[in-house]
Structures are given as C-alpha cells and as structure tokens.
Amino acid sequence: MASIHYLKRSTTEAVVKIYVTESAGATVDLFLADLVHPSQSVNGAVVTIKEIFWGCKPNKHIDISRWDGATPHGHYYFVNSGSHEYKGFVDNVYSNRDIRIVGDGPFHVIMKLTKESGYD
C-alpha cells in the first residue's frame, strides 16, 4: 500500500508524508496541482524542496526526482534513515515539475515544500 498524507497546505508552503508498506517497494507521484490550498488555483506551479526526512530498511534505497511525465530529472538517493535541510540555498532545478519517489522496499518520506510561484 502506498499513501500520501497532506500534513499542511498553506498558501506558501506544503508538508507531505509519503509511505509505502509493500516489501517490493513502489513508485509514488506527487503532483504539484495536489498541493493547492483551497483558496488557490494552479497556473504554472513552481515548488522547491526545503527539508526531507526519510526512512527505509537496511540495504534498501529511496530515489526522489522531478518527473515530467516521461523522464525523471535531478535524482536524490537516500539510504537508511535521516534528514536534510537546505540552508542558505534551495535546489530549484526542475522545480516546475512533479515529484516522483521510488523505493525498492518499504519506506517513508516527509517533505517540506515551498510554493515559489504559480499558485494564485
């Protein structure tokens, strides 16, 4: 089973928790349009990742990338468990693309996202 929980969807920020319980893992797509606050509409959304918390079983990994519907871009590879906060800079390459999370075993990921533009 794969699930996405939207922990926060404000006008400037979103926090999401993604988890997979299948032993073989799974691919989960997080669409930028799903991060919209009830008072907003989406028009050319740009979202940056500010913080990532993750956990997976030993000898398993998590791959987070930007997804354009055909090709993943800008991969981040994570193993075991941990967290990372982008202090002083943000990776905004491909920030106008959806986010794809792939794990080869059970995992969870919590991401703090900043809405840079495109949410009216």
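## Strands 1 and 2

Strand 1 (residues 2-9) pairs with strand 2 (residues 13-20) in the antiparallel sense, over seven bridges. Strands here are DSSP runs of E with at least two residues, numbered from the N terminus, and two of them count as paired if DSSP finds at least two bridges between them. The connection from strand 1 to strand 2 is a hairpin of three residues. Within this pair, I4 has I18 of strand 2 as its bridge partner.

This is a predicted model, in which local features need pLDDT of at least 70 and side-chain atom pairs count only at pLDDT 80 or more, while totals for chains, interfaces and linings use all residues. Residues are numbered from 1 along each chain as its sequence is written, and side-chain values use heavy atoms, with hydrogens and water left out.

## The five-stranded sheet

Strands 1 and 2 belong to an open sheet of five strands with the order 1-2-9-4-7 and antiparallel pairing. Strand 1 and strand 7 (81-85) are at the edges and have a single partner strand each, so one side of each lacks a neighbour in the sheet. On average, neighbouring strands of this sheet are turned by 30° against each other, direction ignored; the axes are lines fitted to C-alpha atoms, and angles run from 0 to 180 degrees between N-to-C directions.

Strand 4 (residues 42-56) and strand 9 (residues 107-119) run antiparallel and are joined by eleven bridges. F53 stands opposite I110 of strand 9.

## The four-stranded sheet

Four strands form an open sheet in the order 3-8-5-6, again with antiparallel pairing. Its edge strands are strand 3 (26-30) and strand 6 (72-79), each of which pairs on one side only. The average turn between neighbouring strands of this sheet is 20°, direction ignored.

Strand 5 (residues 61-67) and strand 8 (residues 98-103) run antiparallel, with six bridges joining them. D63 has V102 in strand 8 as its bridge partner.

## H73 in strand 6

H73 lies in strand 6. H73 counts as buried because its relative accessibility is 17%, the cut-off for buried being under 20% relative accessible area, with exposed over 50% and partly exposed in between (1.4 Å probe, protein chains only).

The H73 side chain makes a polar contact of 3.1 Å with the side chain of D68. Such a contact is a pair of N or O atoms within 3.5 Å; within protein, one must be able to donate a hydrogen and the other to accept it, and residues adjacent in sequence count only if both atoms are side-chain atoms. Leaving out residues up to four places away in sequence, H73 touches S65, R66, D68, Y94 and R97, where contact means heavy atoms within 4.5 Å.
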